[in-house]
Amino acid sequence: MTEPAAVDVRGLRHRFGDHVAVDGIDLQVLPGEVFGLLGPNGAGKTTTIRVLNTLLPAQEGDVFVFGHDVRRSQTAVRRLLGYVPQQLSIEAALTGRENVSWFARLFDVPRRERRARVDEALGSMGLLDAADRLAGTYSGGMVRRLELAQALVNQPALLVLDEPTVGLDPVARGSVWEHVERMRLTTGMTVLVTTHYMEEADAMCDRVAMMHLGTIRVVGQPEELRRALGPGATLEDVFRRETGNTLDGEEIGKGGLREIRRTRRTAGRVG
Amino acid sequence: MRSAALAGLPAASAERPAPPALWRRFPSRTATFCLVELQKLSHDRTELFTRAVQPVLWLVIFGQTFSRIHAIPTGSTSYLDFLAPGIIAQSGLFVAIFYGIQIIWERDAGVLNKLLVTPTPRAALILGKGFSAGIRALAQVVVVLVVSAILGVALTVNPLKIVATFVIVMLGSAFFACLSMSIAGIVLKRDRLMGIGQMITMPLFFASNALYPLAVMPAWLRALSKVNPLTYEVNALRGLLIGTPANYPVDFAVLIAFVIAGVTTASLLIGRLAR
């Protein structure tokens, strides 16, 4: 029997009123790969992720996570996920350890293993020394790493990261990716990441899909995509060719004020 | 990272042991949210003191003044004794009725989305949040009880009745927090919730027996108070704390029914906040 795809999206379409956010996309993420969903604000990346992590209903089309239908088996899907949303989503009034322990409880980590698993998750993100400080005193990069520790305490089969480095300075961005990479090497988990930082996707992803205005324009390995365009081409060049747009969001009226506001708020809080 | 994946590392297992049965998961999740609330309170206790000011003012100023002028007929019970349980219920109401704002804040901060993506039944999340509001209210109950005792209110010293008082306050606060979260799920915005919260708090308070007996109300207000869960909460608290006649089975049953209805409604609406 063949192993099911980590994520299998078939004909997914999602509307908000009259606006079509995701327009009939097909997508497969293989077990164990790091897959980047790229595109500017409003491309449909976050909507796609919200459908596959069960936050939004699948209106049209089918979505499976490791063979589990997101419509019929929501709890089974959620038990496989680690999720880091775009916003800084820690509880500032709790310590780092309490934040991670909270999610260990919510994911049914057995009591006898809980303390060790929490320490392991904090240690893997280099936060053990700061574990008993209030999370509100953490720097932006530390907050992101704490969120990763929260997501990893469940030992997820699929780690979903929505713009994990938005608003971080280059050092903190590098640190976040370094820790994700280390976890990936240790556990072999599948990572699905959305970003509009092309250079990060180029360096970190096994394969990428470029989304624009709700559709997937191209899927492939970053190197393949660059090579197909010509010598010296960057992933951003590939994106420009596929969409005829820049990443700055000139057409982002469709992206939605709410999403832009959220991005800015996150950037402001980590900055 | 790319080279690692291409090198054929084993993928993390998607196999999971069977989850605990729902009857174990539900109370465990609810207790987790209460624990988190206690942890938050233990790190910042200022709110306990600031929130205690208002009920103390009600007791000390309103209570003592109206005791002297005998404006409200409370039979053989002094007005201060009559008022103290009402102020306890009011404290819980005032804490809980704005609890939806916290849910909207958690939505804006991304915390709610993360919680909704865990394998936590939505009803357990809502009940946990409701009881969390109850925990904050309990802290005020203790303050009001101490101040009442200092002012000479003839309170019970029966520990079982004190525990039952806490249970009643938890139930009442849980319902009003569920009501607030349901409204949050409808209006979706903090400003609107603030406005609605302010609009309904005083009618809930005044259309109950917290400040005056049902007997002195006009008929229409008495009819309203019969469908107001605050009335049943105050009834039970008065019976437990100062020994006035109370119909505990009815009071408990009504509060539990309101909590079940509130949890069900808020669970159905909470997903709207994630969209």
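This report walks through a predicted model with chains A and B, from its confidence scores to its core, its interface and two backbone details.

**Confidence**

Let's start with how far the predictor trusts its own work. The model scores ipTM 0.87 and pTM 0.87. In chain B the mean pLDDT is 91, and 95% of the residues reach 70 or more. One stretch to treat with care is residues 3-10 of chain B, where pLDDT stays under 50. For that stretch the model has 12 contacts beyond four places in sequence.

**The core**

The largest nonpolar core has 156 residues. Those that touch the most other members are A149(A), V153(A) and L158(A) from chain A, together with A174(B) and C178(B) from chain B. Helix α8 of chain B, residues 159-187, gives the most to this core, with 13 residues.

If you'd like to look at one of these core residues, try V153(A). Leaving aside residues up to four places away in sequence, V153(A) touches V100(A), F103(A), A104(A), F107(A) and V109(A), and also R117(A), V118(A) and A121(A).

**Where the chains meet**

Across the interface, 42 residues of chain A are in contact with 33 residues of chain B. On the chain B side, α1 (2-6), α2 (22-43) and α6 (111-116) each supply at least two residues. Of the elements on that side, α2(B) gives the most, with six residues. Sorted by class, the chain B side has 18 nonpolar, eight polar and seven charged residues.

**A helix and the residue after it**

Back to α8(B), the helix met in the core. This helix has 29 residues and reaches 42 Å from its first C-alpha to its last, close to the 42 Å expected at 1.5 Å a residue. Next along the chain comes L188(B), with a positive phi near 70°.

**Two positive phi values**

Most residues other than glycine have a negative phi. Two residues that depart from this are set out below.

| Residue | Phi | Loop |
|---|---|---|
| T54(A) | near 75° | between α1 (45-52) and β4 (60-65) of chain A |
| L188(B) | near 70° | between α8 and α9 (190-206) of chain B |

Are these residues buried or exposed, or something in between? T54(A) counts as buried because it has 24 C-beta neighbours inside 10 Å, and the cut-off for buried is 20 or more. L188(B) has 15 such neighbours inside 10 Å, so L188(B) counts as partly exposed.

Methods: Residues numbered from 1 in each chain as written. Chains lettered and ligands numbered in written order. Predicted model: local features only at pLDDT ≥ 70, side-chain atom pairs only at ≥ 80, totals over all residues. Core = buried A, V, L, I, M, F, W, Y, C linked by C-beta atoms within 7 Å. Buried ≥ 20, exposed ≤ 12 C-beta atoms within 10 Å, placed from the backbone. Helix = DSSP H or I, 4+ residues; strand = E, 2+ residues; numbered from the N terminus. Contact = placed C-beta atoms within 7 Å. Nonpolar A, V, L, I, M, F, W, Y, C, P; charged D, E, K, R; others polar. Expected span 1.5 Å × (residues − 1). pLDDT = per-residue confidence, 0-100.
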